[in-house]
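Me: I am a first-year student, and I would like to understand the words people use for a structure like this one. Could we go through some of them slowly, with the reasoning spelled out?

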Amino acid sequence: MADLEGLKVEKNYHLSEPFAADGNFHVKGAANLDWGMKKRLSSIFNPTSGNTVMFAFDHGYFMGSVSGLERIDLLLPKLMPHIDVLMGTRGALRTSVKPGFRKGVALRVSSGSSMLNDDLSHEVVAVDIEDAIRMDVDCMAVQVFIGAEGQLESIDNLSKVINMGSRYSIPTLGVVAVGKNMERTDQYFKLATRIIAELGANIVKTYYCDKFDELVAACPVPIVVAGGKKLAEKEALEMAYQSIQGGARGLDMGRNIFQSYHPAEMAESIGKIVHERFTGKEAWEFYRDKTK
Ligand code: R5P
């Protein structure tokens, strides 16, 4: 075993040391990008707090009219004051969002499966870069299935979008997918987030997990946390708080906002955690007072 001599086997995330390559830009890992990339990233991450509240309403691209999203034309105007970024499909954005709104846009560009498929991991890039430019989006979102049957396709999709985005200074958001039979451990999320960042994504969306601070430390670009299935509001706000405490730079929640009886108040309460450093308990009390 001579070749193991001197080999470091224990990982050390240096949790007390901040990211050392930020320069004077507020978005992790983006200090060396060009002006256009930085401008778009600044439409996503608030330059004062460094954080973002994204509203994910792209579920229809494979789930159809999921509960809570039957009428996005009616829902979005209520949420707009409380969020920083809309994450949706071009069909939903073009038909149901007034072009004059002044928020960031994360455009979902990968698709290829529906609820009727057992394996959702086979996707393609379904949007041309020219259309993303025409819509003046702030980033393009690609679902990535690490460890699934469609891993190669989704890494190919992600890489193509990063290549095209780099050409026109449009950042890429890599979304960690969790399929029915896929692991949801911190080891899995650490693996998937780091692969996505190393492939060149500028933002990674994943789920909150154990040892989340280690996952964040080992990922050289900002992490935003997905909400996942609907939780009680108090629990969802606590998860949002723990995510920000663990180093996430934002939340990209869907069902925990649009399936709440009070979506606008829920989005506003999440904003209190993300931008004003409320604790989960303070945000819950804020939500409760607003919805009395
Ligand atoms: C994944 O395919 C999409 O981005 C989802 O729409 C999003 O991750 C789901 O958000 P949530 O889990 O908060 O409903």
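Reply: What follows is a set of questions and answers on this structure, which is a predicted model.

Me: Why is Asn157 called buried?

Reply: Asn157, which is found in helix α6, has a relative accessibility of 5%, and buried means under 20% relative accessible area, so Asn157 counts as buried.

Me: What does Asn157 touch, leaving aside residues up to four places away in sequence?

Reply: With those residues not counted, Asn157 touches Glu123, Val124, Val125 and Val142, where a contact means heavy atoms within 4.5 Å. One of these, Val142, is itself a buried residue of β6.

Me: How do you know that strand β6 is mostly covered?

Reply: In β6, which spans residues 139-144, 6 of its 6 residues are buried. Both faces are covered, since Cys139, Ala141 and Gln143 on one side are buried, and Met140, Val142 and Val144 on the other are buried as well.

Me: What makes β6 and β7 a pair of strands?

Reply: Two strands pair if at least two bridges are found between them, and β6 and strand β7 (residues 172-176) have 5 bridges in the parallel sense, so they pair. In one of these bridges, the partner of Gln143 is Val175 in β7.

Me: How do you know that β6 also pairs with strand β3?

Reply: Strand β3 (residues 104-108) and β6 are joined in the parallel sense over 3 bridges, and because at least two are needed, they count as a pair. Here the bridge partner of Leu107 is Met140 in β6.

Me: Which strands make up the closed barrel?

Reply: The closed barrel has 8 strands with parallel pairing, in the order β1-β2-β3-β6-β7-β8-β9-β10. From one strand to the next, the twist averages 25 degrees. Helix α6 packs on the sheet, where it touches β6 and β7, and its direction makes about 165 degrees with that of β6.

Me: What makes the approach of Gln143 to the ligand a polar contact?

Reply: An N or O atom in the side chain of Gln143 is 3.0 Å from an oxygen atom of the ligand, and a polar contact is a pair of N or O atoms within 3.5 Å, so this pair qualifies. By the same cut-off, His59 qualifies with a side-chain N or O atom 2.8 Å from a ligand oxygen, and Arg108 qualifies with a polar side-chain atom 3.0 Å from an oxygen atom of the ligand.

Methods. Residues are numbered from 1 along each chain as its sequence is written. This is a predicted model: local features need pLDDT of at least 70, side-chain atom pairs count only at pLDDT 80 or more; totals for chains, interfaces and linings use all residues. Side-chain values use heavy atoms; hydrogens and water are left out. Buried means under 20% relative accessible area, exposed over 50%, partly exposed in between (1.4 Å probe, protein chains only). Helices (H or I, at least four residues) and strands (E, at least two) are DSSP runs, numbered from the N terminus. Axes are lines fitted to C-alpha atoms, for helices over the stretch in contact, and angles run from 0 to 180 degrees between N-to-C directions. A polar contact is a pair of N or O atoms within 3.5 Å; within protein, one must be able to donate a hydrogen and the other to accept it, and residues adjacent in sequence count only if both atoms are side-chain atoms.
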